[in-house]
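Here's a quick walk through one protein chain, written for someone who likes to see the numbers next to the contacts. Have the structure open and follow along.

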Amino acid sequence: MSDHPFTPMPRDGGWAAYTEQSRRLAALLGDERARMEQTAAASRSGRAAVDHLTHRLTAQRHHLVALAATLRLPEPHVGAIAPSPVADPADALRRAGTAADAADAAAEAAHRRAAQPPLLPSLTPLARNALVYTAVAAVGTCASLLMFAVSPDTEFGRIPWQLVPWSLCGLPALAFFAGYLTISLVGQPRIGGGGTRSARVGGVICFVGMPILWFIFIAATGG
C-alpha cells in the first residue's frame with residue numbers, strides 16, 4: 001500500500017458545474033468592467049458637455065451685456081444659478097442647451113428689431129421720411145389756414161398780410177424741423193449706423209408744398 005492518501009478525481013458532473021460557475025463569474029466580471037468603462041465615458045462626456053455649456057453661457061452673457069449697451073437698455077441682471085430640480089444629469093444638460101438656444105434666438109430677434117427704426121419699420125427710408133414730412137407739412141398747413149380763418153381781417157374780406165411771413169416761411173421752417181426731429185428720434189435704427197433723414201425731400205415738401213397749398217387757398221377764397 002502507498003503511504004499517500006488516495007485523492008479521488010472530481011466526477012464529471014462536479015467538474016461541469018465548476019466550469020459553468022467559472023464561466024458565469026468571468027461573464028459577470030466582464031459586464032462589470034464594461035459598465036465601469038461606460039460610466040467613465042459618460043462621466044467624461046458629461047464633464048465636456050458642462051464645460052462647453054459653461055463657455056457658451058459666458059459668451060452669451062457678454063453678448064447680452066454688449067447688446068444692452070448698444071441698445072441703450074439697462075444691463076441684464078444674471079442672478080445666482082439655482083439647483084436644478086431635474087435628477088437626470090443628461091436631461092438637465094438637454095434642458096440647459098434648449099434654454100441657451102432660446103436665449104440666442106431671443107437675442108437675435110432683438111438685434112433684428114434694433115436694426116429697424118421704431119417708426120414704420122416696414123417702409124423704405126425714403127418713403128418713411130417723405131410720409132413724416134408730409135404729415136408735419138399738413139399740420140403746418142392746417143395751422144396756417146386756421147390762423148387765417150380766425151384773423152379779424154378775414155371777417156372784413158381782407159387778407160391778413162401780417163400772417164403771410166408765417167405762412168410762407170415760419171410755419172414751413174417749423175414743419176421741416178419738426179419732421180427732421182421726429183425722424184431723428186424714432187425714424188432711425190438703434191444699431192447698424194444712422195440712416196438718411198432725406199433733408200432735401202423734406203425741404204421740398206415743407207418749403208415748396210406748403211406755400212403752394214397756401215396760394216391755392218388764397219385763390220380759392222377770392223383773395
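What is the relative accessible area of R56, and does that make R56 buried, partly exposed or exposed? The value is 25%, so R56 counts as partly exposed. Keep in mind that this is a predicted model, and every value here is computed from it.

**The overall picture**

The chain has six helices and zero strands, so to speak an α-α-α-α-α-α run from the N terminus on. Of its 223 residues, 22% are buried. The chain exposes about 15,800 Å², and carbon and sulfur atoms supply 67% of that area. Among contacts with a separation of 6 or more, 70% are between residues 24 or more positions apart.

**Salt bridges**

The count of salt bridges comes to three. Here they are, with the N to O distances:

| Pair | Distance | Where the partners lie |
|---|---|---|
| E32 and R35 | 2.5 Å | both in helix α1 (residues 12-70) |
| R56 and D101 | 2.4 Å | R56 in helix α1, D101 in helix α2 (residues 89-114) |
| R56 and D104 | 2.8 Å | R56 in helix α1, D104 in helix α2 |

E32 and R35 sit three residues apart, about one turn of the helix. Both ends are partly exposed: E32 has a relative accessible area of 33%, and R35 comes in at 43%.

The pairs made by R56 reach across the sequence. In the salt bridge between D101 and R56, the partners are 45 residues apart and link distant parts of the chain. The bridge between R56 and D104 ties together parts that are 48 residues apart in sequence, because R56 lies in helix α1 and D104 in helix α2. Shared partners join R56, D101 and D104 into one network. How accessible are the two acidic partners, D101 and D104? D101 has 43% relative accessibility, so it counts as partly exposed, and D104, at 32%, is partly exposed too. As a general point, side chains of opposite charge can pair when their charged atoms come close.

**The nonpolar core**

Which residues form the largest nonpolar core? There are ten of them: V132, Y133, V136, A137, L171, A175, F176, I183, C206 and M210. Helices α3 (125-150), α5 (164-186) and α6 each give two or more residues to this core. Apart from it lies another core, of six residues, including L71, A107, A110 and I191.

C206 is a handy residue to click on if you want to look around inside the ten-residue core. Leaving out residues up to four places away in sequence, C206 touches Y133, A137, P172, A175, F176 and P211. Generally speaking, nonpolar side chains in soluble globular proteins tend to be buried together.

**A nonpolar patch on the surface**

Not every nonpolar side chain here is tucked into a core: V204, F207, V208, I212, L213 and I216 form a patch on the surface. Together these residues have about 530 Å² of accessible area. One of them, I212, is found in helix α6 (residues 199-220). Is I212 buried, partly exposed or exposed? With 45% relative accessibility, I212 counts as partly exposed. Helix α6 therefore deserves a look from both sides of the story: α6 is among the elements that give two or more residues to the largest core, and I212 of the surface patch is found in α6 as well.

How values were computed. Residues are numbered from 1 along each chain as its sequence is written. This is a predicted model: local features need pLDDT of at least 70, side-chain atom pairs count only at pLDDT 80 or more; totals for chains, interfaces and linings use all residues. Side-chain values use heavy atoms; hydrogens and water are left out. Patches are made of residues with over 30% relative accessible area and no salt bridge: like charges are joined within 9 Å, nonpolar side chains (Val, Leu, Ile, Met, Phe, Trp, Tyr) within 5 Å. Accessible areas come from the Shrake-Rupley method with a 1.4 Å probe; for residues, only the protein chains shown count as cover. A salt bridge is a side-chain nitrogen of Lys or Arg within 4 Å of a carboxyl oxygen of Asp or Glu. Helices (H or I, at least four residues) and strands (E, at least two) are DSSP runs, numbered from the N terminus. Buried means under 20% relative accessible area, exposed over 50%, partly exposed in between (1.4 Å probe, protein chains only). A nonpolar core is a set of buried Ala, Val, Leu, Ile, Met, Phe, Trp, Tyr and Cys residues joined through side-chain atoms within 4.5 Å. Contact means heavy atoms within 4.5 Å.
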